[in-house]
Amino acid sequence: MSLRHGLLGLLAEGPASGYDLAGRFTELLSSVWPAQHPKIYAELNKLAAEGLVEVESEGPRRRKAYRITDAGIAEVKRWLTDVEVDHTMRLQPLLRSLFFWLMDTDELQRHLEAEARYYRELEQNYRDYAARKDRGEFGYSEQTQSMRVTIEAGIRLYSALADWAEWAQTVPPAKPAKPS
């Protein structure tokens with residue numbers, strides 16, 4: 001996902017400031033797709049220059065609220081339907097796992113226990129969020145229904161990573177092989 005399309009998609013829900021958009025990214029995607037304030041503001045300026053968003057209002061301290069234009073909606077739809085999905089996943093824990101053989105067993109066990117705990121916590125956070133959505137705390141709009149699909153992906157992803165970290169504790173190099 002590109003930051004620009006993420007911002008356009010969020011603005012399709014309604015006008016928001018850069019600060020509000022940063023909060024939405026943190027709320028929904030922080031562990032998967034972090035978006036820092038300076039990058040969000042820079043991208044909003046580019047989107048405005050391209051006519052994909054426009055400033056709806058300017059408040060105190062020059063805080064701008066942006067809204068998506070018809071051209072911006074068309075761009076999000078084009079991205080969703082015509083642009084090939086980038087399936088690249090950069091998961092540093094998996095890159096590190098390639099080099100677990102360089103750690104001593106005790107260090108590796110502690111690392112994997114911490115990883116499993118971290119992923120279970122994220123999984124539980126997403127489960128709690130899903131339960132709130134399922135109870136209707138956020139309504140039943142199309143946006144909320146799409147968000148529920150995204151939350152379920154988070155649940156399943158973090159559950160799988162926690163399972164992996166737990167499994168990795170039971171096999172070499174985390175658990176030395178028994179001599180034959």
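Q: The expected span of a helix is 1.5 Å times one less than its number of residues. In this predicted model, what distance does helix H6 reach from its first C-alpha to its last?
A: Helix H6 covers residues 105-134 and has 30 residues. At 1.5 Å a residue, 44 Å is expected. The helix comes close to that, with a reach of 43 Å.

Q: Which residue caps the N-terminal end of H6?
A: The cap is made by a side-chain oxygen. That oxygen lies 3.1 Å from the backbone nitrogen of aspartate 106. The capping residue is aspartate 104.

Q: Which glycine follows H6?
A: The glycine after H6 has a positive phi. Its value is near 90°. The residue is glycine 136.

Q: Is aspartate 134 buried, partly exposed or exposed?
A: Aspartate 134 has its place in helix H6. Buried needs under 20% relative accessible area, and exposed needs over 50%. At 49% relative accessibility, aspartate 134 therefore counts as partly exposed.

Q: Which residues does aspartate 134 contact, leaving aside its neighbours within four places in sequence?
A: The chain beyond H6 supplies one distance to start from: the C-alpha atoms of aspartate 134 and threonine 144 are separated by 9.7 Å. Those two residues are 10 apart along the chain. In contact with aspartate 134 are Tyr140 and Arg148.

Q: In what order do the 3 strands of the open sheet lie?
A: The pairing is antiparallel. Strand S1 (16-17) and strand S2 (53-58) are the edge strands, and each pairs on one side only. The order is S1-S3-S2.

Q: What is the bridge partner of alanine 16 in S3?
A: S1 and strand S3 (residues 64-68) pair in the antiparallel sense. This pairing runs over 2 bridges. The partner of alanine 16 is tyrosine 66.

Q: Which element gives the most residues to the largest nonpolar core?
A: This core has 31 residues. Leu7, Leu11, Leu21, Phe25 and Ile40 have the most contacts inside it. Elements that give two or more residues are helix H1 (3-12), helix H2 (18-29), helix H3 (37-49), S3, H6 and helix H7 (142-168). With 6 residues, the element that gives the most is H7.

Q: Why does the largest core lie between domain 1 and domain 2?
A: Domain 1 covers 2-82 and domain 2 covers 92-169. The core lies between them because residues come to it from both domain 1 and domain 2.

Q: What distance separates the centres of domain 1 and domain 2?
A: The two domains are in contact, with 7 residues taken from domain 1 and 8 residues from domain 2. Their centres are taken over C-alpha atoms. The separation is 27 Å.

Q: Which residues does leucine 11 touch, not counting those up to four places away in sequence?
A: Leu11 is among the residues with the most contacts inside the largest core. Leucine 11 touches Ala16, Leu21, Leu44, Val53, Tyr66 and Ile68.

Q: Is threonine 69 buried or exposed?
A: Threonine 69 is found in the loop between S3 and helix H4 (70-82). Its relative accessibility is 12%. The limit for a buried residue is under 20%. Threonine 69 therefore counts as buried.

Q: Which backbone oxygen does the side chain of threonine 69 reach at 2.7 Å?
A: Threonine 69 touches Gly51, Leu52, Val53 and Glu54, not counting residues up to four places away in sequence. Its side chain reaches the backbone oxygen of leucine 52 at 3.0 Å. The backbone oxygen reached at 2.7 Å belongs to glycine 51.

Note on methods: Residues numbered from 1 in each chain as written. Predicted model: local features only at pLDDT ≥ 70, side-chain atom pairs only at ≥ 80, totals over all residues. Heavy atoms only, no water. Helix = DSSP H or I, 4+ residues; strand = E, 2+ residues; numbered from the N terminus. Polar contact = N/O pair within 3.5 Å; in protein donor to acceptor, adjacent residues only side chain to side chain. Pairing = 2+ DSSP bridges. Core = buried A, V, L, I, M, F, W, Y, C linked by side-chain atoms within 4.5 Å. Buried < 20%, exposed > 50% of the residue type's maximum accessible area, 1.4 Å probe, protein only. Domains from an automatic or database assignment. Contact = heavy atoms within 4.5 Å.
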